[in-house]
Every structure is written in structure tokens, then in C-alpha cells.
Amino acid sequence: MTEAPAYTPPNVWTWNKENGGAFANINRPIAGPTHDKELPVGKHPLQLYSLGTPNGVKVTVMLEELLELGHSGAEYDAWLIRINEGDQFGSGFVDVNPNSKIPALLDRSGPEPIRVFESGAILMHLAEKFGEFLPTDSAKRAECLSWLFWQMGSAPFLGGGFGHFYAYAPIKIEYAIDRYAMEVKRQLDVLDRRLAEHEYLGGADYSIADIATWPWYGALALGQAYNAGEFLQVQDYKHVQRWTKSIAARPAVQRGRMVNRVMGDPASQLRERHDANDFLTRTQDKLESAA
């Protein structure tokens, strides 16, 4: 690896747009909107504003799982938010999520819209609203929520830590890559040990803990994240591999990971979802718009 040049922090940090690497156009040290733009609203009770990143996939998988169980109230419109173009800084989006991150949900099923942001909060809101994928038994609920919040706290080390320095940083820094690779492998070991004893993270039943964790660590285990499968030797985590493949086979998961997806095979993308039939009517115009 190339040695990074020596760096001595200044007394006062200043924002240098040129040092942002692959995400220089969307990273900034201040919050709030950069432009006025209202969010579209569709016909369904739930309005999702998102992108098919791991955090976005959590919510579309959850919604598709609820629909699979027959909860018609989980019908949703999924609007594409192009974060590389700064859609998350539009005034309408900031009203729903002041943190300007996807996903963001507007629950319009009641007399007044309810905004929900942060993927873990959205999963809990939906689980409690529909009475699914979150145990009611106190001990089982505590275990499920512990793993849900484990994921929320751990994934930044995988994405913003390892993924950034291994795949996206403008220079390769050995210390940073080693530090985060060690942590990601520790996390994989945590998961592997848990899944050696239980079918799912919360125990015997599939839950929001699995729905939250799979898009991050399942993609890693399948070698689809950061092209780092060989580097991290992900095949060694046998129980994670078993869990990953089992969840990947679920029809709702297969549908959910297509929604708001803008990368990969165009046939695997459903850039916006406004009706269940959208998965079936993969018309030529949709394929062309995804190209």
C-alpha cells in the first residue's frame, strides 16, 4: 500500500472541498437545505423517499415482507432520491429528514402525516404499526432490539470506515484500512458466533434485526460489497454464509432489493415503485430509463 504523506492537523479545521474524494460534491459540514424542492406524493398510505443503498434496502425489504403477509396498509410509493445529485438537500426532503440522509418515510395513513427518519426507527415504526417482525415477549423483544441497534452502531465502521478507505478514498492509507478491516472481521465473527447457535439474529424467528443487518453484511458475505470478499476472506464465516443465502432466497427480499436501485444489471432495477405490478411490468421504457 502507498504510504500516506505525513499530516499535522492545524489548530483550526477548515473545509476544503477538494479533499472530499468520491463524495466531495455531497459532503459538507453544515446542515439544512441547499435548494427549494417539494417532494412528490403518490396514492399509497406510505411514502418512501430513498435510494437502493443498504440503508434504503432495509425499508423496501420490510415493506415487501409486510405485503407478502397480506398487510394491504403497507402499500407504498418509493420515490428515487439521487444522493449523488444532492436530492437529499432539497427543502422538502430536509423537512422529512433534517439529517439529509436516506431513507425517509412519510406515514400518511392517519389524520396527520408522521415523518420517520433513520432506517432503524422506520423498521421499528412499521413493525409496531403492523405487529410483525418484532417479538412481543419481553426477553425476545430485548434480544431483537439489541441486535437491531448493534447493526445501527456497527455498520458505520463497515461503510464509512472500511468501505470508504478501502474502495473510495483518493489515497490508500494502510493504517486506516488495517484498522477498519480488523473491526469488520471482528463484527463478522460476532455475527458468526451468534448464528452458530440461532437460525436468526433474534433467535428462532426472522425479525427486523435480520432485515436491518442483511443488506450490509449479507452483501459483504456474498462478495458484493466493495469487491472485498477475498480481502476479508468472507467465505470463512460459515454461519453468516448460511444466514445470508437463506434470507437472499426470500421473495420479498428479492423484490425489496430491486426498489430504488440504480446500479448493476438494469433488469435488477426498479428505480421507482408505485404499484405491486411494477415488478411484473418490466417494460422496455423502464429498462431504457435504467440504462
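Me: Between which two elements does the loop with Glu-118 lie?
Reply: The model shown here is a predicted one. Strand β4 covers residues 114-117 and helix α3 covers 119-130. Glu-118 sits in the loop between β4 and α3.

Me: What is the phi of Glu-118, which is not a glycine?
Reply: Most residues other than glycine have a negative phi. Glu-118 is not a glycine, yet its phi is positive, at about 80°.

Me: Is Glu-118 buried, partly exposed or exposed?
Reply: Buried residues are under 20% relative accessible area and exposed ones over 50%, with partly exposed in between. Glu-118 has a relative accessibility of 35%. Glu-118 therefore counts as partly exposed.

Me: Which residue in the loop between α9 (251-256) and α10 (284-290) has a positive phi near 60°?
Reply: The residue asked for is other than glycine. Its relative accessible area is 1%, so it is buried. It is found in the loop between α9 and α10, and its name is Asn-260.

Me: Which residue is joined to Ile-102 by a cis peptide bond?
Reply: Most peptide bonds are trans. Here the bond after Ile-102 is cis, with omega of about 0°. The residue joined to Ile-102 lies in the loop between α2 (91-96) and β3 (104-107), and it is Pro-103.

Me: In which sense do β1 and β2 pair?
Reply: β1 spans residues 46-50, and β2 spans residues 76-80. The two strands are paired over 5 bridges, with Leu-46 opposite Tyr-76 in β2. The sense of the pairing is parallel.

Me: What is the handedness of the β-α-β unit made by β1, α1 and β2?
Reply: The helix of this unit, α1, covers residues 54-68. Together with β1 and β2, α1 makes a unit that is right-handed.

Me: How far does α1 reach from its first C-alpha to its last?
Reply: α1 has 15 residues. At 1.5 Å a residue, a span of 21 Å is expected. The computed reach of α1 is close to that, at 21 Å.

Me: How many of the 15 residues of α1 are buried?
Reply: The buried residues of α1 include Val-57, Val-61 and Leu-66, and Lys-58, Glu-64 and Glu-65 are also among them. The helix is largely enclosed by the rest of the structure, because the buried residues of α1 number 12 of the 15.

Me: Which residues of β2 are buried on the side with Asp-77, and which on the other?
Reply: Strand β2 is largely enclosed by the rest of the structure, because 5 of its 5 residues are buried. Both of its faces are covered. On one side are Asp-77 and Trp-79, and on the other are Tyr-76, Ala-78 and Leu-80.

Me: In which sense do β1 and β3 run?
Reply: Tyr-49 stands opposite Ala-104 in β3. The strands β1 and β3 are joined by 4 bridges, and their sense is antiparallel.

Me: Through how many residues does a hairpin join β3 to β4?
Reply: The two strands pair over 4 bridges in the antiparallel sense. Asp-107 has Ile-114 in β4 as its bridge partner. The hairpin from β3 to β4 runs through 6 residues.

Me: What separates the C-alpha atoms of Ser-50 and Lys-101?
Reply: Ser-50 lies in strand β1, and it is buried, with a relative accessible area of 1%. Lys-101 is 51 residues away from Ser-50 along the chain. The separation of their C-alpha atoms is 8.6 Å.

Me: How far apart in space are Gln-187 and Leu-80, C-alpha to C-alpha?
Reply: Gln-187 belongs to helix α5 (residues 174-197), and it is buried, with a relative accessible area of 0%. Leu-80 is a buried residue of β2. In sequence Gln-187 and Leu-80 are 107 residues apart, and in space 31 Å.

Me: Which residues make the nonpolar surface patch of about 430 Å²?
Reply: One member, Trp-13, is in the segment before β1. Trp-13 counts as exposed, because its relative accessibility is 58%. The patch is made by Trp-13 together with Tyr-7 and Trp-15.

How values were computed. Residues are numbered from 1 along each chain as its sequence is written. This is a predicted model: local features need pLDDT of at least 70, side-chain atom pairs count only at pLDDT 80 or more; totals for chains, interfaces and linings use all residues. Side-chain values use heavy atoms; hydrogens and water are left out. Patches are made of residues with over 30% relative accessible area and no salt bridge: like charges are joined within 9 Å, nonpolar side chains (Val, Leu, Ile, Met, Phe, Trp, Tyr) within 5 Å. Accessible areas come from the Shrake-Rupley method with a 1.4 Å probe; for residues, only the protein chains shown count as cover. A salt bridge is a side-chain nitrogen of Lys or Arg within 4 Å of a carboxyl oxygen of Asp or Glu. Buried means under 20% relative accessible area, exposed over 50%, partly exposed in between (1.4 Å probe, protein chains only). Two strands pair if DSSP finds at least two bridges between them. A crossover is right-handed if, with the strands pointing away from the viewer, the path from the first strand over the helix to the second runs clockwise. The expected span of a helix is 1.5 Å times one less than its number of residues.
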